[in-house]
Amino acid sequence: MIKAIFFKIFNGKWSAPFFISSVGIFCWIWMLILPVNKIIWNLCFITPIMVALGYIILGISKIFKKRFKEGLVQVVLSVVFMFITAVFFTVLLPKSPYKEYKGDIYNPNNVKVDMPLKLSFSDEKPLFKVDKPEVILYDYNQPGTYKYQVFLNKTEKGTVYLKMFDLTTNRILSEKEIAKDTKVKVENPSDELKEFPLSKQFNVQEGDWGDYYGSRVEVWFKPEDASQPERKLLVKNYVIQGW
């Protein structure tokens with residue numbers, strides 16, 4: 001009886017905005033007042049979207065059952081409220097489960113480390129000046145997720161990719177995943193620096209949100225000519241955190 005009533009309400013013509021909004025508000029308040037770790041943060045972000053997807057699927061099924069108008073209304077409302085929820089959680093997110101970096105990482109050899117630059121969702125980059133071959137690491141999307149960019153000269157045709165190491169232990173980080181996800185085609189035989197496109201996003205699996213540590217970022221080059229060996233082009237130290 002209760003199950004039938006619940007399903008009738010849940011599958012009602014105008015219930016989509018009510019349920020999606022209610023779940024979204026509940027999850028938002030949870031993140032506002034209760035302790036949050038990475039798992040809870042992701043769960044609270046994904047749950048309203050999954051509810052909306054459920055409504056979309058139900059709406060599509062109604063369309064196929066020849067309840068076209070009712071199904072179409074449900075699909076449209078679900079898409080609209082899923083988009084509003086996603087924007088709401090992106091723009092007005094109450095808090096994230098990681099602390100800001102305050103320069104307190106363990107650095108036994110006192111080496112120079114840089115912070116990744118901020119990159120927007122639209123890949124808009126901050127202004128900076130480059131006058132020599134360089135690798136720039138960018139924070140992207142969420143903690144532990146990055147993109148990078150290289151500026152090179154005197155480089156034959158080939159592919160660059162990253163290797164990243166823990167500065168303290170020299171342990172290589174997410175070796176296979178980073179090597180695969182950071183490949184960028186390059187070619188610039190001239191002396192003039194050339195800016196190459198941003199890489200795809202990639203994750204550092206080691207560590208967690210808020211656990212900052214120093215990393216040595218190495219740019220490796222694989223020539224298109226298979227008879228030539230791979231070689232290291234650039235090295236720079238960055239403060240990073242795990243995903």
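Does Val80 count as buried, partly exposed or exposed, and at what relative accessibility? In this predicted model, Val80 is placed in helix 4, which runs through residues 68–91. Its relative accessibility is 40%, and because buried means under 20% and exposed over 50%, Val80 counts as partly exposed. The residue also contributes to a nonpolar surface patch of about 920 Å², whose other members are Phe68, Leu72, Val76, Phe83, Ile84, Val87, Phe88, Val91 and Leu92.

Helix 3 comprises 27 residues, from 38 to 64, and reaches 39 Å between its first and last C-alpha, close to the 39 Å expected at 1.5 Å a residue. A bend of about 30° is nevertheless found in helix 3 at Ile46, with a proline, Pro48, following within four residues. Pro48 is itself among the buried residues of helix 3, a set that also includes Trp41, Cys44, Ile49, Val51, Ala52, Tyr55, Ile56, Leu58, Gly59 and Lys62. Just after helix 3, a positive phi of about 70° is adopted by Lys66.

The largest nonpolar core consists of 28 residues, and those with the most contacts inside it are Tyr148, Val150, Val160 and Ile240. At least two residues of this core are supplied by each of strand 2 (134–139), strand 3 (145–152), strand 4 (155–166), strand 5 (184–188), strand 8 (212–223) and strand 9 (231–241). Of these contributions, that of strand 3 is the greatest, with 5 residues given to the core.

Conventions. Residues numbered from 1 in each chain as written. Predicted model: local features only at pLDDT ≥ 70, side-chain atom pairs only at ≥ 80, totals over all residues. Heavy atoms only, no water. Expected span 1.5 Å × (residues − 1). Bend = angle between axes of the 7 residues up to and from the residue. Buried < 20%, exposed > 50% of the residue type's maximum accessible area, 1.4 Å probe, protein only. Patch = residues over 30% accessible without salt bridge, like charges linked within 9 Å, V, L, I, M, F, W, Y side chains within 5 Å. Areas by Shrake-Rupley, 256 points an atom, 1.4 Å probe, with all protein chains shown as cover. Salt bridge = Lys/Arg side-chain N within 4 Å of Asp/Glu carboxyl O. Core = buried A, V, L, I, M, F, W, Y, C linked by side-chain atoms within 4.5 Å.
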